[in-house]
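Biologist: Please pick one part of this model and take me through it slowly, then show me how the rest of the picture connects to it. I would like the cut-offs behind each term as you go.

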Amino acid sequence: MRLPRRGTPILLILFMAACSSGGQTLPEGQLFAPDIDPRGEAVDGLLVGHRLMDSGEPELALEVYIRAAAERGLTIEVLSALGAANLELGRLNQAEDLLREAVKLDGAAPEVWNNLGVVLMELGETAEASEVFRRAYALDNGQNDSIRDNLRLALAKIENPFYAEANEEEFELVRRGQGDYLITASEP
């Protein structure tokens with residue numbers, strides 16, 4: 001009879017441990033997350049943030065946008081994304097500051113100006129908001145219906161401020177596209 005070598009039981013134990021699930025059982029059809037590929041490229045933070053905003057997760061989007069700011073710097077795209085996330089979260093003063101910084105930079109898109117106008121409308125700065133909407137409308141050559149509608153609403157509130165104050169709660173923000181907002185009348 002032959003006795004096993006000293007290392008054989010240890011190898012057998014290691015082999016069995018490698019085959020074990022570690023006590024974890026997964027429901028049928030569920031898979032483990034794939035390993036991280038150290039040579040792989042990360043998905044653009046702004047794209048991830050935009051997808052989170054579209055999914056109704058502005059708080060998570062804000063965190064992703066902050067990381068994108070650390071990677072890219074405070075570009076127009078990052079500032080406007082941060083402003084849109086803060087607007088969605090109801091943090092109007094923070095959104096205003098970020099959007100004002102974005103429009104100071106050359107090349108700010110009409111949507112950024114529009115979002116600044118929406119924030120100003122929400123803060124009750126109707127006269128300034130109408131000027132901002134005019135600028136957005138001019139930059140867009142009148143192509144965006146939501147900017148035109150926001151400008152009309154701001155001008156109507158300026159022309160008849162008593163009516164606007166009496167019906168303050170009849171308007172709501174509607175998100176259209178990636179960070180573009182429209183002020184609409186809510187249904188009673």
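Modeller: Happy to, and let's start with helix H8, where Arg152 and Glu159 are exposed on one side, opposite the buried one. Here exposed means over 50% relative accessible area, buried under 20%, and partly exposed in between, using a 1.4 Å probe and protein chains only. Before going further, please keep in mind that this is a predicted model: local features need pLDDT of at least 70, side-chain atom pairs count only at pLDDT 80 or more, and totals for chains, interfaces and linings use all residues. Residues are numbered from 1 along each chain as its sequence is written, and side-chain values use heavy atoms, with hydrogens and water left out.

Helix H8 runs over residues 145-159, and its 15 residues span 21 Å from the first C-alpha to the last, close to the expected 21 Å. That expectation is 1.5 Å times one less than the number of residues. Helices are DSSP runs of H or I with at least four residues, strands are runs of E with at least two, and both are numbered from the N terminus.

What about the buried side of H8? Ser146, Ile147, Asn150, Leu151, Leu153, Ala154 and Lys157 are buried. They sit on the same side of H8 because they cover an arc of only 160° around the axis, the arc being that of the directions from the helix axis to the C-beta atoms.

H8 also holds a salt bridge, in which the side chains of Arg148 and Asp145 meet at 2.9 Å, N to O. The term needs a side-chain nitrogen of Lys or Arg within 4 Å of a carboxyl oxygen of Asp or Glu. Arg148 and Asp145 are three residues apart in H8, so about one helical turn separates them. Arg148 is partly exposed at 24% relative accessible area, and Asp145 is partly exposed at 40%.

From H8 we can step across to helix H6 (residues 110-122), which contains Gly117. Gly117 and Ile147 are 30 residues apart in sequence, and their C-alpha atoms are 9.3 Å apart in space. Gly117 is buried, with a relative accessible area of 0%. Leaving out residues up to four places away in sequence, Gly117 touches Ala129, Val132 and Phe133; contact means heavy atoms within 4.5 Å.

The salt bridge in H8 has company, since a search of the whole structure finds eight salt bridges. One of them joins Asp44 to Arg72, with the closest N and O atoms 2.6 Å apart. That pair links distant parts of the chain, 28 residues apart: Asp44 is in the loop between helix H1 (7-19) and helix H2 (45-54), while Arg72 is in helix H3 (residues 58-72). Asp44 is partly exposed at 32%, as is Arg72 at 40%.

Another salt bridge brings together the side chains of Lys104 and Glu101, at 3.2 Å from N to O. These two are three residues apart in helix H5 (residues 92-104), and so are separated by about one helical turn. Lys104 is exposed at 60% relative accessibility, whereas Glu101 is partly exposed at 38%. There is also a network of salt bridges linking Glu96, Arg100 and Glu128.

Finally, a look at helix H4 (residues 76-88), where Asn86 lies. Asn86 is buried at 4% relative accessibility. Setting aside neighbours within four places in sequence, Asn86 contacts Leu62, Arg91, Gln94, Ala95 and Leu98.
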